[in-house]
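The following exercises ask the reader to work from a sequence and its model towards a description of the fold. Each task is followed by a solution in steps.

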Amino acid sequence: MKAIKRVATLLLATLFSLGTINAQGKTKGKQPKKSYLIETAIPKRPAGQKDVLGLRLAPMPVVRVGFIGLGMRGPGAVERFTHLEGVEIKAICDLHPERVEKSQAILKKAGLPEAATYTGSEEAWKELCDRPDIDLVYIATDWARHAPMMIYAMQKGKHVACEVPAVTSLQEAWDVVNTAERTQRHCMMLENCVYDFFELTTLNMAQQGLFGDVLSAKGAYIHNLEPFWKYYEGNWRLKFNQEHRGDVYATHGLGPACWVMNIHRGDRMEYLTSMDVPATSLPRFMKQKMGIENPIVKNGEMTQTLIKTSRGKTIYLEHNVTSYRPYDRMYQVIGTDGFANKYPVEGYALRPTEQNLKAVPNHEDLKSHDFVSEATKQELMNKYEHPIQKEIAEKAKQVGGHGGMDFIMDYRLIYCLRNGLPLDMDVYDLAEWSTIGELTRLSLEHQSAPVAMPDFTRGAWNRIKGLQLHFAK
């Protein structure tokens with residue numbers, strides 16, 4: 001017993017000496033913070049280079065476009081562009097001549113002139129970028145080619161739109177950001193999910209204050225890709241999941257969440273922590289369907305990530321492309337006075353407030369912990385239809401592309417270029433949303449340690465107050 005008392009006395013003395021507790025046995029005030037963040041290098045902005053936040057350039061009455069990559073996504077983009085005003089499709093490029101011919105047939109069917117063709121060489125795309133009669137290069141290739149193509153096109157004075165994820169590493173992200181800043185060219189990632197009808201309406205509701213203070217958002221990409229692996233040329237997408245750990249395809253879930261939370265427009269993602277579970281379905285698929293014994297797969301069956309923002313808010317992400325689950329692009333907005341949810345059920349829940357009384361005629365039917373009725377939901381969606389939807393929704397539904405959101409994305413890109421407006425998404429969105437893959441890998445490889453989100457704006461993230469989607473006056 002005496003020995004135990006001596007140990008206790010020594011322990012208390014140690015705590016006193018460290019200043020951990022006071023004489024009454026209570027913990028003292030705040031101790032100096034010790035950071036456990038894993039941080040990556042943020043290169044200094046080169047002299048003479050400036051940011052491209054809110055970049056405005058001279059209007060282009062006609063936007064001359066060249067397309068690179070005509071496999072899975074490219075032909076659909078070419079077809080959608082045939083429905084846009086103020087566009088000339090000048091050139092199309094793919095490694096395979098037959099793909100180029102198929103897209104040429106799309107132009108012919110639309111009654112448009114033939115485009116110049118580039119094919120048969122790994123370097124043919126550079127010839128397209130070298131053309132003086134192209135303003136915008138639209139990239140829909142495999143992920144590994146994105147960064148070199150974007151950088152080269154901007155160096156040649158072109159604006160760039162690139163499929164998701166636009167980059168696959170922090171180094172690529174910084175190289176693209178620096179090129180966009182140095183050349184003062186628009187560089188946008190083609191993230192279509194921010195233009196989904198539900199997401200756009202919810203964004204407008206949030207900006208009108210219906211949810212109160214938005215504190216948290218959730219997003220996901222849950223899509224069993226077993227039926228699709230074979231359609232990626234050279235099996236590149238499956239190989240990418242084999243070789244890379246982390247949330248390698250975060251942009252569909254993250255994009256709408258960042259918009260509703262004003263990321264780098266008054267708030268910023270500060271750090272993340274990530275967990276995953278062992279790869280199971282993909283190794284089994286590779287053994288059963290491809291005859292590969294004991295394949296090594298780095299990407300977990302499911303990756304879950306939590307992000308903390310500078311304003312103390314949170315974003316939750318989930319990635320799963322191998323489990324046998326229904327498609328789910330989970331989208332949730334959690335505010336002090338309301339809640340929005342998409343997948344598997346679309347719905348809104350609103351706390352009765354004066355703001356909501358004005359918004360919903362039959363507000364007396366609302367209960368604070370229930371989804372509003374289907375009729376009230378429709379009233380809300382009609383009343384808060386986003387101005388972008390009012391402009392183009394009907395045509396978007398006719399043209400199609402994931403229900404119309406692809407066409408809205410293309411329409412807004414061309415609309416902003418033609419009117420000399422800042423694009424809806426900038427190069428910092430591109431970098432922030434795409435580099436989740438590498439940042440989550442760092443967390444996973446260090447027992448879910450927190451990893452700092454680089455500030456790609458290098459201090460300018462708070463200059464613009466709130467997300468702004470611009471319109472011509």
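The exercises below concern a predicted model and proceed from the whole chain to single residues.

**Exercise 1. Confidence and overall composition**

Task: State the average pLDDT of the protein chain, and identify the helices in which confidence is lowest and highest.

Solution.
- Step 1. The average pLDDT of the protein chain is 92, and 90% of the residues score at least 70.
- Step 2. Confidence is lowest in helix α1 (residues 2-18), with a mean of 44, and highest in helix α15 (residues 427-434), at 99.
- Step 3. The pLDDT is below 50 over residues 7-28, a stretch that has 15 contacts in the model beyond near neighbours in sequence.
- Step 4. The protein chain contains 16 helices and 14 strands, and 55% of its 473 residues are buried.
- Step 5. Of the contacts between residues at least 6 apart in sequence, 75% join residues at least 24 apart.

**Exercise 2. The strands around β2**

Task: Determine in which sense β2 pairs with β1 and with β3, and give the handedness of the β-α-β unit made with helix α2.

Solution.
- Step 1. Strand β1 (residues 63-68) pairs with β2 in the parallel sense over 6 bridges. Within this pairing, Gly66 has Ala91 of β2 as its bridge partner.
- Step 2. Helix α2 (residues 74-81) forms a right-handed β-α-β unit together with β1 and β2.
- Step 3. Strand β2 (residues 87-94) also runs parallel to strand β3 (residues 116-119), to which 4 bridges join it. Opposite pairs include Cys93 with Tyr118 in β3 and Asp94 with Thr119 in β3.
- Step 4. From β2 the chain passes through helix α3 (residues 97-109) to β3, again as a β-α-β crossover, and this crossover is right-handed.
- Step 5. As to burial, 6 of the 8 residues of β2 are buried, so the strand is mostly covered.

**Exercise 3. The sheet of 8 strands**

Task: Give the strand order of the open sheet of 8 strands, and explain why one side of each edge strand lacks a neighbour in the sheet.

Solution.
- Step 1. The order is β13-β12-β11-β7-β10-β9-β8-β14, and the pairing is mixed.
- Step 2. The edges are taken by β13 (347-350) and β14 (451-452); each has a single partner strand, so one of its sides has no neighbour in the sheet.
- Step 3. At the β14 edge, strand β8 (residues 269-277) pairs with β14 in the antiparallel sense over 2 bridges. Tyr271 stands opposite Ala452 in β14.

**Exercise 4. The largest pocket and helix α8**

Task: Find which residues lie nearest the centre of the largest pocket, and which elements the buried residues of α8 pack against.

Solution.
- Step 1. The volume of the largest pocket is about 940 Å³.
- Step 2. Its lining comprises 42 residues, and Met72, Arg73, Ala140, Thr141 and Trp236 are those nearest the centre.
- Step 3. At least two lining residues come from each of β2, α4 (124-130), α5 (146-155) and α8 (236-243).
- Step 4. In α8, the residues Arg237, Leu238, Phe240, Asn241 and Gln242 are buried. The buried residues of this helix pack against β7 (214-222), α10 (281-290) and β10.

**Exercise 5. Two residues outside the strands and helices**

Task: Is Met330 buried or exposed, and is Gly466 buried or exposed? Which residues does each one contact, leaving aside those within four places in sequence?

Solution.
- Step 1. Met330 lies in the loop between β10 (314-320) and β11 (331-335). Its relative accessibility is 13%, and because this is under the 20% cut-off, Met330 counts as buried.
- Step 2. The contacts of Met330 beyond four places in sequence are Lys218, Gly219, Ala220, Tyr316, Lys342 and Tyr343. Met330 and Asn341, 11 residues apart in sequence, are separated by 7.7 Å from C-alpha to C-alpha.
- Step 3. Gly466 belongs to the segment after β14. With a relative accessibility of 14%, Gly466 also counts as buried.
- Step 4. Gly466 touches Asn262 and Arg265, with residues up to four places away not counted. From C-alpha to C-alpha, Gly466 and Val260 are 9.0 Å apart, although 206 residues separate them in sequence.

Technical notes: Residues numbered from 1 in each chain as written. Predicted model: local features only at pLDDT ≥ 70, side-chain atom pairs only at ≥ 80, totals over all residues. Heavy atoms only, no water. Pairing = 2+ DSSP bridges. Right-handed = clockwise from strand over helix to strand, strands pointing away. pLDDT = per-residue confidence, 0-100. Contact = heavy atoms within 4.5 Å. Buried < 20%, exposed > 50% of the residue type's maximum accessible area, 1.4 Å probe, protein only. 1 Å grid on protein atoms, 1.4 Å probe; cavity = no way out; pocket = protein on both sides within 12 Å on 5 of 7 lines; lining within 4 Å. Points joined across faces, edges and corners; volume = space filled by probe spheres on them.
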